[in-house]
Amino acid sequence: MEKKTINGKVTAFYALSLSEFHMNFHSHESCEIMYVTSGCCTVYCQDKEYRIGPNQFIFISPHIPHCLEIASNGPCAILNLEFILSESDTGMPLYGLLDECGVFQEFQSRMPCCFYGMDFRALGYSLKDLISHMQRSKDSDDYLLRLILSRTMVELAASVVSSKNEPGIIYLRKARSYIDKNLHSAITVPEIAEYLGISKSYLQALFSEAMGCSIIEYVTQKRMKEAVFLLENSTLRIIDIAFSVGYNSRQHFAHTFEKHYGMSPLSYRQTHARVLLPDTEHKRYELRGEKIRLRSM
């Protein structure tokens, strides 16, 4: 049996931090993801108003009128991707998505006109990698781009499908949001359960089933990811990084970090330090054929 292949084509992208922005209602032939990394914005779509905060996103199907507004009460950092998925020959083939990825098959068969939700796994990281790669390579058809775009589609599908199907997903979303807001403070399972109004055992079971780990392991993973980012992209002292990600001593932080990565925080920094600016400098990239056009936002 001949395998089905879906093709993907990125038509526009940007990574911006805007203090105030007002967009007129519009629609286009592309799907669109607007993902907020910090601050908040409002998206109007299908006669509904969606208030989008950190680690939340909205997916909009083609030809659906929508607009974006950012108030003047603070900057909002947004990752934006516009893309076309098609079974025709346009775009680059994203091998395996339709035949081997069940979560994408379900997403493709029941693609919502508009979906607002929480990043269930690692959609934000995928978008950052994709935008950084495309801004750097300026090549609309290369092998690495196919891989990163495929990963982004899988993460998008996982967030949409999981939000629809998982029992207790509302509690899970609220728990993740609570953890994100309090990541830099002491966090205990009883206080999260009390905040949600559910039992500790039910909360632990939700995390174990949906995330494949305990709540404490999840919190540690989040803190380690943030620590890695700071080690790679900042000049903060290691003790300051330890405090900023929720540890009250450098020793505890160093011990936990070494358990996860097999090296000390200092060794990791010496090996992986880099400067990464996921910022398209107030420019929006439009891809048409083999040409890339830049437009100011």
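**Entry 1: Lys222 and Asp180**

I began with the salt bridge between Lys222 and Asp180, whose closest N and O atoms I found to be 3.0 Å apart. Lys222 belongs to helix α8 (residues 215-233) and Asp180 to helix α5 (residues 169-181), so this pair ties together parts that are 42 residues apart in sequence. I noted that the model is predicted, and I have kept that in mind for every entry here. Is each partner buried, partly exposed or exposed? Lys222 has a relative accessibility of 24% and therefore counts as partly exposed, and Asp180, at 25%, counts as partly exposed too.

**Entry 2: the other salt bridges I looked up**

The count for the structure comes to four salt bridges, and I wrote down two further ones. Arg110 and Glu106 meet through their side chains, with a distance of 2.4 Å from N to O. I looked up the accessibility of both: Arg110 has a relative accessible area of 47% and is partly exposed, while Glu106 has 25% and is also partly exposed. Arg237 forms a salt bridge with Asp240, and the closest N and O atoms of that pair are 3.0 Å apart. Arg237 is exposed, because its relative accessible area of 55% lies over the 50% cut-off, whereas Asp240, with 27%, is partly exposed.

**Entry 3: aromatic pairs**

I then searched the whole structure for aromatic pairs, and the search returned 13. The ring centres of Phe59 and Phe83 lie 6.5 Å apart with their planes at 35°, so I recorded the pair as tilted. Phe59 sits in strand β6 (residues 56-60) and Phe83 in strand β8 (residues 76-86), so the pair ties together parts that are 24 residues apart in sequence. Both Phe59 and Phe83 are buried. For Tyr247 and Phe253 I have ring centres 5.8 Å apart and planes at 55°, so this pair is tilted as well. Tyr247 and Phe253 are both buried.

**Entry 4: the cluster, and charges over rings**

Which residues form one aromatic cluster with Tyr247 and Phe253? I found Phe257, Tyr261 and Tyr268 in that cluster alongside them. Tyr247 has a charged neighbour too, since I found the charged end of Arg223 over its ring, 5.6 Å from the ring centre. A second arrangement of this kind involves Lys128, whose charged end sits over the ring of Phe229 at 5.8 Å from the centre.

**Entry 5: a nonpolar patch**

On the surface I looked up a nonpolar patch of about 330 Å², which is made by Tyr143, Leu144 and Leu147. Leu147 lies in helix α4, which runs over residues 143-165. I checked the accessibility of Leu147 separately: at 44% relative accessibility, Leu147 counts as partly exposed.

**Entry 6: the chain as a whole**

I left the totals for last. The protein chain contains 11 helices and 12 strands, and of its 297 residues 46% are buried. How much area does the protein chain expose, and what share of it do carbon and sulfur atoms supply? The exposed area is about 15,400 Å², with carbon and sulfur atoms supplying 50% of it. Finally, I looked at contacts in the protein chain with a separation of 6 or more, and I noted that residues 24 or more positions apart account for 73% of them.

Terms used
Residues numbered from 1 in each chain as written. Predicted model: local features only at pLDDT ≥ 70, side-chain atom pairs only at ≥ 80, totals over all residues. Heavy atoms only, no water. Helix = DSSP H or I, 4+ residues; strand = E, 2+ residues; numbered from the N terminus. Buried < 20%, exposed > 50% of the residue type's maximum accessible area, 1.4 Å probe, protein only. Contact = heavy atoms within 4.5 Å. Areas by Shrake-Rupley, 256 points an atom, 1.4 Å probe, with all protein chains shown as cover. Phe/Tyr/Trp six-rings, centres within 6.5 Å; stacked < 30°, edge-to-face > 60°. Lys NZ or Arg CZ within 6 Å of the ring centre and 35° of its normal. Patch = residues over 30% accessible without salt bridge, like charges linked within 9 Å, V, L, I, M, F, W, Y side chains within 5 Å.
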